[in-house]
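Trainee: I should like to learn how to read a structural model, one feature at a time. May we begin with the overall architecture and then turn to particular residues?

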Amino acid sequence: MFSIRDFVTAGINILGAIDALESALARAASDADTILITDHEKELICFGIVDARFVLSAHGQEPPKVLSLLALRIANSFEVPRAKASAVLAEFRSAEALAEADLIATPIALAA
C-alpha cells in the first residue's frame, strides 16, 4: 500500500517536471524542431519521469513508452524533439491528475 506522502511527493515532482518542460518549450522558437533543456530542467524532468511511472503503475496502468524514450534521450543530450516534449507533457499532466485524485480520495476513505 502506498502512503499519502508518496503521492504528495510524486505530485510535486511531476508538477516540477511540467514547469520545466513548459519553460523549455516557451524559450524555444515556435518553428524549432527541438528544444534545449538546462541541467536543472533535466533533473526536474528525470524526477517527473520516475514519479509519473510510479503513479501510473500504482493505478495499474502501463507507463507509456514516450517516458522511457525521453529518459534515454536526455541522458545523452540536452536537445529534445518538440513533439516528444509535448507528448511527455501530456503524460505528466495525466499522471499528476491521478496523483491529485489520490490525495483527494484517500482522506475520505480513511475517515469512513
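Mentor: Certainly. Please keep in mind throughout that this is a predicted model.

Trainee: What pattern does the protein chain follow along the sequence?

Mentor: One begins with the inventory of elements and then reads their order. The protein chain has four helices and two strands, and they follow one another as α-β-α-α-β-α.

Trainee: How much of the protein chain is buried, and what share of the contacts joins residues at least 24 apart?

Mentor: Of the 112 residues in the protein chain, 34% are buried. Among contacts between residues at least 6 apart in sequence, 73% join residues at least 24 apart. The accessible surface of the protein chain is about 6500 Å², with 60% of that area belonging to carbon and sulfur atoms.

Trainee: Let us take a single helix. How does the span of α2 stand against the expected value?

Mentor: The 20 residues of α2 reach 29 Å from the first C-alpha to the last, close to the 28 Å expected at 1.5 Å a residue. After α2 comes G60, which has a positive phi, near 75°.

Trainee: Which residues of α2 are buried?

Mentor: The general idea comes before the list. An α-helix has 3.6 residues a turn, so residues three or four places apart point the same way. In α2, the buried residues are E41, K42, I45, G48, I49, D51, A52, V55 and L56.

Trainee: That list includes charged residues, E41 among them. Why does E41 count as buried, and what does E41 touch?

Mentor: E41 has a relative accessibility of 7%, and therefore counts as buried, the cut-off being under 20%. Beyond four places in sequence, E41 touches A20, S23, A24, R27 and L36. With R27, the side chain of E41 also makes a polar contact of 2.8 Å.

Trainee: K42 is another member of that buried set. Over the face of which residue does K42 lie?

Mentor: K42 lies over the face of F78, at 4.3 Å from the ring centre.

Trainee: Is R53, also in α2, buried or partly exposed?

Mentor: R53 is partly exposed, its relative accessible area being 33%. Leaving aside neighbours within four places in sequence, R53 is in contact with P63, L67 and S68. The C-alpha atoms of R53 and F92 are 9.5 Å apart, with their positions 39 residues apart along the chain.

Trainee: How should I read an aromatic pair, and how many are counted here?

Mentor: A pair of aromatic rings is described by the distance of the centres and the angle of the planes. The count here comes to one aromatic pair. F7 and F54 form this pair, with 5.3 Å from centre to centre and 35° between the planes, and the arrangement is tilted. F7 belongs to helix α1 (residues 4-27) and F54 to helix α2 (residues 39-58), so that the pair links distant parts of the chain, 47 residues apart. F7 is buried, at 9% relative accessibility, whereas F54 is partly exposed, at 22%.

Trainee: Where does V80 lie, and which residues does V80 touch?

Mentor: V80 is in strand β2 (residues 79-81), and its relative accessibility of 1% means that V80 counts as buried. Not counting residues up to four places away in sequence, V80 touches D33, T34, I35, I37, L70, I74 and A85. For one of these, I35, the C-alpha separation from V80 is 5.3 Å, although the two are 45 residues apart along the chain.

Trainee: Let us finish with helix α4. Which residues are in contact with R93 and E96?

Mentor: Both residues lie in that helix; R93 is placed in α4 (residues 82-111), and E96 is found there too. Leaving aside neighbours within four places in sequence, R93 is in contact with I18 and E22, while E96 is in contact with G11, I14, L15 and I18. The side chains of R93 and E22 are joined by a polar contact of 2.3 Å.

Trainee: Is each of the two buried or partly exposed?

Mentor: R93 is partly exposed, with a relative accessible area of 41%; E96 is buried, at 15%. The C-alpha atoms of R93 and I14 are 7.9 Å apart in space and 79 residues apart in sequence. Those of E96 and A10 are separated by 8.0 Å, at 86 residues apart along the chain.

Notes:
Residues are numbered from 1 along each chain as its sequence is written. This is a predicted model: local features need pLDDT of at least 70, side-chain atom pairs count only at pLDDT 80 or more; totals for chains, interfaces and linings use all residues. Side-chain values use heavy atoms; hydrogens and water are left out. Rings of Phe, Tyr and Trp (its six-membered ring) pair if their centres lie within 6.5 Å; planes under 30 degrees apart count as stacked, over 60 as edge-to-face and the rest as tilted. Buried means under 20% relative accessible area, exposed over 50%, partly exposed in between (1.4 Å probe, protein chains only). A charge sits over a ring if NZ of Lys or CZ of Arg is within 6 Å of the ring centre and within 35 degrees of the ring normal. Contact means heavy atoms within 4.5 Å. A polar contact is a pair of N or O atoms within 3.5 Å; within protein, one must be able to donate a hydrogen and the other to accept it, and residues adjacent in sequence count only if both atoms are side-chain atoms. The expected span of a helix is 1.5 Å times one less than its number of residues. Accessible areas come from the Shrake-Rupley method with a 1.4 Å probe; for residues, only the protein chains shown count as cover.
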